[in-house]
Amino acid sequence: MSTHDSPAVAVLGGGTIGASWAALLADAGYRVRVAVRRTETAHAVTAAVRLHAPALAADADALLARLTVTTDVAEAVTGAEVVLESISERLADKQELFAAVEQAAPADALLLSSTSTLLPDAIGARLAQPGRVLIAHPFNPPHVIPLVEVLGGPDTEPKLVRRTTEFLTALGRTPVVLRRPIAGFIANRLQTALLRESIHLIQQGVATAADIDDAITGSLGPRWAVVGPFQALHLGGGPGGIRQWFGHIGAGLAAGWSQLGTPDLDDDGIAELIAQTETAYGTDGYEQRVAARDRRQLAVLAALRDEEGDAR
């Protein structure tokens, strides 16, 4: 299939998430149309795709050959099989954008939002069919991290959820469908809980930002890359599994929650977190740090795939 004949998708927004989606979709063989507000943003999109190319199968030139950037939303979504919105988290802007998309996109196009904070029925409120909008919230960066949280609204047809999960699975993503709506979805709520206690430990003088990063990458990070928290408990209980764990260690779990902190994020607290992080990791070399992060994450994911293949 030539590039001209390949199916088209639209990515609305050329920021960090939008450019990452665009690179992934181009790597999957789609013709990708990225809609941005300002013409000068096009350079930032192409630069980001070049930055992401080493983490993907195709080289940068091949990715960019499948990519066009436009300031015309109707041009981007006309004929698109999937529309993926990744603009900033302002509800009114998303509502206005999807109302325009509904007028120009095919009637059967999937309409997906990358939002991390808003719910689908609110985003689709101005559409004639609000249930067409679904959440497809990726974990940054989407071209590397497999998780995409999927959530439909109260009027969303089950077949749209199914089509969304099939589309994401074909991209090599791991869709997780929420059973009911909740602010922040799953992964960000878990991340926020861990981050809150991390900030508390810094403010109590227990550890620095770098210490906490080392503690996570040397313990929970590799553990959770292999098994999630509940399977970890099931194994941690020995042959008796999670029943044995709760019968011994887990009996005091709730008591431990009362010791968790509630840090203050005032100006001084934020300044200290920024200072510690910048001291540990610097402020220059963003591209190099992104590339190193992606290489390491891909190596972990590749090792897991290889192990799963050997186990079959």
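A salt bridge is here a side-chain nitrogen of Lys or Arg within 4 Å of a carboxyl oxygen of Asp or Glu. In this predicted model, Asp 61 and Arg 50 meet that description, since their closest N and O atoms are 3.3 Å apart.

## Salt bridges

Side chains of opposite charge can pair when their charged atoms come close. By the rule above, the count for the structure comes to eight salt bridges, and three of them are set out in the table.

| Salt bridge | Closest N and O atoms |
|---|---|
| Asp 61 and Arg 50 | 3.3 Å |
| Lys 94 and Glu 85 | 2.3 Å |
| Lys 94 and Glu 89 | 3.2 Å |

Asp 61 lies in helix H3 (residues 60-65) and Arg 50 in helix H2 (residues 41-52), so their salt bridge ties together parts that are 11 residues apart in sequence. Asp 61 is exposed, with a relative accessible area of 52%, while Arg 50, at 44%, is partly exposed.

Lys 94 takes part in a salt bridge with Glu 85 and in another with Glu 89. Lys 94 has a relative accessibility of 0% and therefore counts as buried, and Glu 85 is buried as well. Glu 89, in contrast, counts as partly exposed at 35% relative accessibility. Elsewhere among the salt bridges, Arg 37, Arg 90 and Asp 93 are joined into one network through shared partners.

## Polar contacts of buried side chains

Glu 89 also leads to Thr 115, because the side chains of these two residues make a polar contact of 2.8 Å, which falls within the 3.5 Å cut-off. Thr 115 is found in the loop between strand S5 (110-113) and helix H6 (120-123), and with 1% relative accessibility it counts as buried. The side chain of Thr 115 also reaches the backbone nitrogen of Leu 118, at a distance of 3.0 Å.

A further buried residue with a polar side-chain contact is His 143, whose relative accessibility is 2%. His 143 sits in the loop between strand S6 and strand S7 (147-151), and a polar contact of 2.7 Å joins its side chain to that of Ser 20. Strand S6 (residues 133-138) contains Pro 138, which is also buried, at 5% relative accessibility. The C-alpha atom of Pro 138 is separated by 26 Å from that of Ala 210, a residue 72 positions away along the chain.

## Aromatic pairs

A pair of aromatic rings is described by the distance of the centres and the angle of the planes. A search of the whole structure finds two such pairs. In one of them, Tyr 30 and Phe 167 are arranged edge-to-face, with 6.0 Å from centre to centre and 65° between the planes. Tyr 30 lies in the loop between helix H1 (16-27) and strand S2 (31-35), whereas Phe 167 belongs to helix H7 (residues 158-170), so the pair ties together parts that are 137 residues apart in sequence. Tyr 30 counts as buried at 14% relative accessibility, and Phe 167 counts as buried at 7%.

The other pair is formed by Trp 245 and Phe 246, which are also edge-to-face, at 5.0 Å centre to centre and with 90° between the planes. Trp 245 is buried at 13% relative accessibility, whereas Phe 246 is partly exposed, with a relative accessible area of 41%. Phe 246 has its place in helix H11 (residues 241-247). Together with Leu 253, Trp 257 and Leu 260, Phe 246 makes a nonpolar surface patch of about 400 Å².

## Annotated domains

Two domain annotations from UniProt can be set against the model. An unreviewed entry gives "domain: 3-hydroxyacyl-CoA dehydrogenase NAD binding" for residues 9-179. Over that range the chain is 39% helix and 21% strand, and the C-alpha atoms at its ends are 27 Å apart.

The unreviewed entry also places "domain: 3-hydroxyacyl-CoA dehydrogenase C-terminal" at residues 184-246. Over residues 184-246 the chain is 78% helix and 0% strand, with the end C-alpha atoms 28 Å apart.

Note on methods. Residues numbered from 1 in each chain as written. Predicted model: local features only at pLDDT ≥ 70, side-chain atom pairs only at ≥ 80, totals over all residues. Heavy atoms only, no water. UniProt positions renumbered as here; feature names shortened; annotations may be inferred. Helix = DSSP H or I, 4+ residues; strand = E, 2+ residues; numbered from the N terminus. Phe/Tyr/Trp six-rings, centres within 6.5 Å; stacked < 30°, edge-to-face > 60°. Buried < 20%, exposed > 50% of the residue type's maximum accessible area, 1.4 Å probe, protein only. Patch = residues over 30% accessible without salt bridge, like charges linked within 9 Å, V, L, I, M, F, W, Y side chains within 5 Å. Areas by Shrake-Rupley, 256 points an atom, 1.4 Å probe, with all protein chains shown as cover. Polar contact = N/O pair within 3.5 Å; in protein donor to acceptor, adjacent residues only side chain to side chain.
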